[in-house]
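I open this notebook to record what I looked up about the contacts in this assembly. The entries follow in the order in which I made them.

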2 protein chains.
Amino acid sequence: MQDLFTSFSLQVNNRVYIKNPESSALGRKIVESSINLIDEVGFEAFTFRKLGLEIHSNEASIYRYFESKYKLLLYLTSWYWCWMEYRIAFGLANIPAPEERLEKAIKLLTENIELDGSFEHINEYKLNKIVIAESSKSYMTKEVDQNNKEGFFAGYKQLVGRVSDIILEINPTYKYPHMLISTLIEGAHHQRFFAQHLPRLTDAVNGEDAIIEFSKEATFKAIGAKCPTK
Amino acid sequence: MQDLFTSFSLQVNNRVYIKNPESSALGRKIVESSINLIDEVGFEAFTFRKLGLEIHSNEASIYRYFESKYKLLLYLTSWYWCWMEYRIAFGLANIPAPEERLEKAIKLLTENIELDGSFEHINEYKLNKIVIAESSKSYMTKEVDQNNKEGFFAGYKQLVGRVSDIILEINPTYKYPHMLISTLIEGAHHQRFFAQHLPRLTDAVNGEDAIIEFSKEATFKAIGAKCPTK
DNA sequence: CATTTATGATAGCATTACTATTATATTTGC
DNA sequence: GCAAATATAATAGTAATGCTATCATAAATG
């Protein structure tokens with residue numbers, strides 16, 4: 001069992017960091033506190049100098065792990081997508097019916113994330129908030145093509161690919177599986193943000209998680225299948 | 001007719017600027033060149049100093065029109081959503097059937113934008129690219145609640161509200177019209193970006209605009225209606 | 001215990017995002 | 001046609017940012 005876990009240990013593309021932050025106490029502290037600080041002040045106002053003060057360490061030391069704050073953001077988002085894939089892989093294990101697997105995958109992709117404590121130095125609740133608010137800044141840049149070549153978005157693409165495969169299992173003729181899943185993921189993130197800050201762009205419904213329900217319903221209708229629990 | 005146009009003239013919330021850029025040649029030049037420059041170098045690398053050099057004017061002069069580059073971005077995105085609402089208002093005029101109106105609205109919201117030259121100092125083609133790549137930076141900020149209170153997102157919210165109303169005309173029991181439309185708009189923008197830079201997240205189909213087709217199909221299926229042209 | 005490696009402290013530099021001041025055009029109202 | 005108001009330009013300055021470089025010291029390793 002331990003082995004299974006180890007083989008699933010979240011391996012972020014090693015080109016996003018200079019020195020692997022998992023490899024030292026300082027590295028883990030950098031990751032842990034960067035999540036707190038970005039969540040608190042936002043990515044724009046976040047600086048390595050402030051982070052250094054926060055962890056009673058040094059700006060220059062942080063630069064030995066990450067080339068820039070953008071690379072650190074890329075590290076955090078990559079880690080998040082790896083983690084999401086791991087959640088889905090485990091969550092769908094031993095479920096044979098593709099409809100049920102799809103339903104569960106959608107839930108896992110769109111639900112509100114709570115702290116689960118599986119990874120000591122990572123607060124999944126705050127990381128989810130960061131991914132919602134800041135992840136577009138990791139790819140909506142002038143360097144996107146370069147970064148893509150270096151494989152920085154591989155985790156996200158792989159995740160989208162996996163869920164698309166379930167769709168194709170259910171309906172092999174559906175033409176837009178990748179579009180549907182990537183729209184769903186980004187859309188659910190946006191909706192969580194809107195629900196908090198721009199509620200006129202959403203539709204809250206008492207007693208249900210409208211974002212999950214909307215996502216399930218829209219997906220199954222789009223591919224012309226029936227959602228198992230409806 | 002002129003009057004109709006005038007009453008439709010694109011009125012951006014006057015709190016996003018200090019002095020209305022439409023009111024002077026310099027102001028229009030600032031807007032025109034900021035679109036070129038942001039499109040060229042990206043919003044992060046865009047500065048008022050560079051813009052001043054570009055238009056052979058002065059950094060300080062630009063600050064008399066816009067408090068900061070964020071406010072300028074807010075101006076550009078607000079203008080864009082006003083323009084989109086105007087396109088839709090005209091595009092749907094005299095179409096009685098709500099299904100046809102919805103189909104046309106989706107097309108207008110998700111299609112690729114081309115230069116149309118109706119507004120001398122605004123290049124709609126480039127502005128659309130900016131909105132796709134940078135608009136999330138205008139609301140995914142720590143100041144979103146403050147900015148929302150000041151009405152900076154009113155145009156966007158109004159647009160979503162209008163199209164949602166068409167959905168409710170077709171199916172008054174549909175529970176998530178705002179979610180559907182805002183997901184659609186943001187989703188289509190993301191897809192245009194992905195198609196160019198991260199194609200594994202989309203599904204290109206030869207001979208059709210897959211993004212428009214996907215959007216129409218998903219919307220009509222979600223609300224349980226039939227798309228007129230299918 | 002000698003040497004490599006990791007961290008800390010300090011300094012420095014070009015650029016950014018502004019603000020302030022003063023000078024010069026340009027418009028306008030009479 | 002000219003004074004007064006207004007808009008723009010030129011220049012300088014400031015605190016903060018996003019780094020890089022250097023040197024000293026601490027910790028791990030062989």
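Entry 1, terms and conventions. I count a residue as near a molecule or strand if one of its heavy atoms lies within 4 Å of it. The model is predicted, and I kept its limits: local features need pLDDT of at least 70, side-chain atom pairs count only at pLDDT 80 or more, and totals for chains, interfaces and linings use all residues. Residues are numbered from 1 along each chain as its sequence is written, chains are lettered from A and ligands numbered from 1 in the order in which they are written, and side-chain values use heavy atoms, with hydrogens and water left out.

Entry 2, DNA strand C. I looked up the residues around DNA strand C and found 20, of which A:Ser57, A:Arg64, A:Tyr65, B:Glu59 and B:Tyr63 come nearest. Of the atoms of this strand that come within 4 Å of the protein, sugar and phosphate make up 51%.

I then turned to polar contacts, meaning pairs of N or O atoms within 3.5 Å; within protein, one atom must be able to donate a hydrogen and the other to accept it, and residues adjacent in sequence count only if both atoms are side-chain atoms. The side chain of B:Arg49 places an N or O atom 3.1 Å from a base nitrogen of DNA strand C. For the side chain of B:Glu59, the distance from an N or O atom to a base nitrogen of the strand is 3.3 Å. B:Lys69 has a polar side-chain atom 3.4 Å from a phosphate oxygen of DNA strand C.

For secondary structure I used DSSP runs numbered from the N terminus: helices (H or I, at least four residues) and strands (E, at least two). H4 of chain A, and helix H3 (48–54) and helix H4 (59–63) of chain B, each supply at least two residues of the surface near DNA strand C. H4(B) gives the most, with 3 residues.

Entry 3, DNA strand D. Here I found 19 residues around the strand, and A:Arg49, A:Glu59, A:Tyr63, B:Ser57 and B:Tyr65 come nearest. Sugar and phosphate account for 53% of the strand atoms that come within 4 Å of the protein. An N or O atom in the side chain of A:Glu59 is 3.1 Å from a base nitrogen of DNA strand D. Phosphate oxygens of the strand lie 3.3 Å from an N or O atom in the side chain of A:Lys69 and 3.4 Å from one in the side chain of B:Ser61. H4(A) gives the most to the surface near DNA strand D, with 3 residues.

Entry 4, chain A against chain B. I took contact as heavy atoms within 4.5 Å. The contact involves 51 residues of chain A and 52 residues of chain B. The buried area, that is, the accessible area (1.4 Å probe) that two parts lose on being put together, summed over both, is about 4,800 Å², and carbon and sulfur atoms give 62% of it. A:Met140, A:Met179 and A:Phe214 supply 16% of the area that chain A buries against chain B, more than any other three residues.

I next searched for salt bridges (a side-chain nitrogen of Lys or Arg within 4 Å of a carboxyl oxygen of Asp or Glu). The rule finds 2 across this interface. A:Glu208 and B:Lys175 form a salt bridge through their side chains, at 3.2 Å from N to O. H11(A) contributes the largest share of the side of chain A that touches chain B, 13 residues.
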